[in-house]
Amino acid sequence: MLDPFTWYDTVDLNVTYTNATVGGLSIMGLNSTWDDSKRPNSNVPPLDQKFGYGVTPIRGVNIGGWLVLEPFITPSLFSTYDSKLGVVDEYTLSQHLGSTEAVKAIEKHYATFVTEQTLASIAAAGLDHVRIPYGYWAVTTYPGDPYVPKISWRYLLRGIEWARKYGLRVNLDLHSVPGSQNGWSHSGRQGNIGWINGTDGQLNVQRSLDIHNQLSQFFAQPRYKNIVTIYGLLNEPKMISLPIEPVLNWTRDAFNIVRKNGVQAYVVFGDGFLGLPNWQGKLQGLDGLVLDVHEYVIFNVDQIAFTHQNKIQYACSGWGVAMVQSLNVATGFGPTLCGEWSQADTDCTQYLNNVGVGARWDGTLTTADPGNQVLTPTCPKGSGTCNCKDANADPSKYSTEYKQWLRMFAEAQMTSFERSWGWFYWTWDTEAAVQWSWKKGVAAGILPPQAYQRDFNCSSPVPDYAALGLPETY
């Protein structure tokens with residue numbers, strides 16, 4: 001781990017040997033000096049000046065699929081395997097490859113999927129924050145874990161330094177804990193929830209607190225004070241499948257550990273899919289705690305069936321009102337941001353709903369749990385045949401009306417989320433999923449070239465796109 005001759009990539013890493021650690025986590029690769037004088041654009045202050053959270057909106061993007069693999073972001077890592085092998089997530093991929101080959105394949109991905117140019121391009125796009133998801137195996141692994149251990153740690157640290165170089169503030173997002181907090185592939189392991197729930201549920205609760213104890217000691221160092229301004233406790237705990245009170249207790253315990261160790265960043269926790277109004281009165285009195293909600297219309301069988309006009313109207317009125325209400329402790333939790341959203345209007349993207357699983361849109365969502373299957377098409381009623389072919393088309397084949405709609409839908413969401421603390425788009429880049437990539441969306445003309453310069457702000461009427469000739473099936 002500390003031998004740079006075994007590293008796939010040493011660009012911008014300090015290869016001078018040191019076994020020094022903070023919180024038991026290696027500092028090798030870091031330089032001893034840093035510069036916090038940069039800013040990504042003139043709308044936000046340099047890193048060494050305070051960002052006005054709650055006044056100045058966050059305009060950020062996730063760097064998803066990098067340090068935690070997601071099949072829909074990098075399908076090439078999963079598509080070559082026979083379905084009988086069951087390679088559906090990072091756990092099963094690492095298990096199938098074996099430790100030696102997993103290190104080769106996954107470290108190559110770490111080194112090539114995100115480079116310094118990634119952060120430079122994010123800043124050039126008018127964005128000012130990055131949310132960096134990472135798995136617990138960056139810190140440690142446990143008996144039976146097949147994950148590549150600890151190598152992603154140095155890539156995480158290098159990514160933070162590249163963000164610093166371009167004035168981008170970092171939302172540090174622990175995307176996975178031992179046992180999995182939601183049973184989805186983006187937690188590392190698809191299947192059962194083994195955190196809080198299950199035989200090892202309480203053991204994994206303690207393990208996740210121990211991980212935060214290490215992480216918060218490390219990120220309490222002075223070098224991170226101005227750059228890691230948002231510290232995420234846990235991405236998307238599935239509280240509709242977990243007992244609520246133990247999750248609240250864990251959140252308090254994790255928050256107290258982070259503060260005890262000296263982290264002064266805002267601390268973010270996920271809404272757990274309970275709905276924003278249900279957080280009113282919960283977890284009060286924890287200074288600097290911020291609620292993170294993820295908003296999509298495509299994972300809900302009622303919302304995915306909205307017409308194009310209705311989806312924009314809902315983004316403006318539904319989400320806009322919800323954000324304002326959530327900010328007020330009389331009607332919601334208080335400080336709130338949107339940590340994930342996209343402009344996708346279908347769930348047709350390959351592997352989006354897991355490897356080998358279809359889509360709600362065309363009624364092919366087959367899952368192991370019959371209660372979650374969707375075998376009837378859900379595109380707008382009376383709109384004709386639902387299919388995913390057009391939805392997954394190359395953007396060069398998008399009609400003018402569809403491009404206009406996609407951009408208006410995105411700008412409607414930005415407007416609503418900026419009524420709270422702001423937003424982080426999911427995600428910066430993908431291999432092929434254009435409607436999930438800010439980079440590809442700008443290139444296709446369906447996102448604004450500068451995130452802070454927009455044409456639509458929900459103040460004007462939303463066109464009836466069907467009347468303009470845009471089919472509701474596309």
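**Exercise 1. Packing of helix 2**

Against which elements do the buried residues of helix 2 pack?

*Solution.* Start with the ground rules. This is a predicted model, in which local features need pLDDT of at least 70, side-chain atom pairs count only at pLDDT 80 or more, and totals for chains, interfaces and linings use all residues. Residues are numbered from 1 along each chain as its sequence is written, and side-chain values use heavy atoms, with hydrogens and water left out.

Step 1. Fix the terms. Helices (H or I, at least four residues) and strands (E, at least two) are DSSP runs, numbered from the N terminus. Buried means under 20% relative accessible area, exposed means over 50%, and partly exposed lies in between (1.4 Å probe, protein chains only). Contact means heavy atoms within 4.5 Å.

Step 2. List the residues. Helix 2 spans residues 116-124, and its buried residues are Thr118, Leu119, Ala120, Ile122 and Ala123.

Step 3. Find their partners. These buried residues pack against strand 3, helix 1, strand 4 and helix 3.

Step 4. Check the helix end. Gly126, just after helix 2, has a positive phi of about 85 degrees.

**Exercise 2. A buried arginine**

Describe the surroundings of Arg169 and find its nearest opposite charge.

*Solution.* Step 1. Locate the residue. Strand 5 (residues 169-174) contains Arg169.

Step 2. Test for a salt bridge (a side-chain nitrogen of Lys or Arg within 4 Å of a carboxyl oxygen of Asp or Glu). For charge, Lys and Arg count as positive and Asp and Glu as negative; His and the chain ends are not counted. Arg169 is buried but has no salt bridge. Asp48 is the nearest side chain of opposite charge, 6.7 Å away.

Step 3. Look for a backbone partner. A polar atom of the Arg169 side chain lies 3.1 Å from the backbone oxygen of Pro45.

Step 4. Collect contacts beyond four places in sequence. Arg169 touches several residues, among them Pro45, Pro46, Tyr53, Asp128 and Thr229.

**Exercise 3. Three salt bridges**

Place the pairs Arg164–Asp36, Lys104–Glu101 and Asp292–Arg131 in the chain, and give the burial of each partner.

*Solution.* Step 1. Recall the principle. Side chains of opposite charge can pair when their charged atoms come close. The whole structure holds 18 salt bridges.

Step 2. Take Arg164 and Asp36. Their side chains form a salt bridge at 2.7 Å, N to O. The pair links distant parts of the chain, 128 residues apart: Arg164 is in helix 3 (residues 151-165), and Asp36 is in the loop between strand 2 (25-26) and strand 3 (58-62). Both Arg164 and Asp36 are buried.

Step 3. Take Lys104 and Glu101. The closest N and O atoms of this salt bridge are 3.4 Å apart. Because they are three residues apart in helix 1 (residues 90-113), Lys104 and Glu101 are separated by about one helical turn. Lys104 is exposed, at 52% relative accessibility. Glu101 is partly exposed, at 40% relative accessible area.

Step 4. Take Asp292 and Arg131. In this salt bridge the closest N and O atoms are 3.8 Å apart. The pair joins distant parts of the chain, 161 residues apart: Asp292 in strand 8 (residues 289-294) and Arg131 in strand 4 (residues 129-134). Asp292 is buried at 5% relative accessible area, and Arg131 is buried at 2%.

Step 5. Look for shared partners. Salt bridges that share partners join Asp36, Glu161, Arg164 and Arg223 into one network.

**Exercise 4. Cavities**

How many cavities of 30 Å³ or more are there, and what lines the largest one?

*Solution.* Step 1. Set the rule. On a 1 Å grid over the protein atoms alone, a cavity is a set of points where a 1.4 Å probe fits but cannot get out; lining residues have an atom within 4 Å of a point. Grid points are joined across faces, edges and corners, and a volume is the space filled by probe spheres set on the points.

Step 2. Count. There are three cavities of 30 Å³ or more.

Step 3. Size the largest. The largest cavity holds about 120 Å³ of space.

Step 4. Read its lining. Of its 16 lining residues, Leu234, Asn235, Gly270, Asp292 and His294 lie nearest the centre. Strand 5, strand 7 (266-270) and strand 8 each supply at least two lining residues. Strand 7 gives the largest share, three residues.

Notes:
Polar contact = N/O pair within 3.5 Å; in protein donor to acceptor, adjacent residues only side chain to side chain. 1 Å grid on protein atoms, 1.4 Å probe; cavity = no way out; pocket = protein on both sides within 12 Å on 5 of 7 lines; lining within 4 Å.
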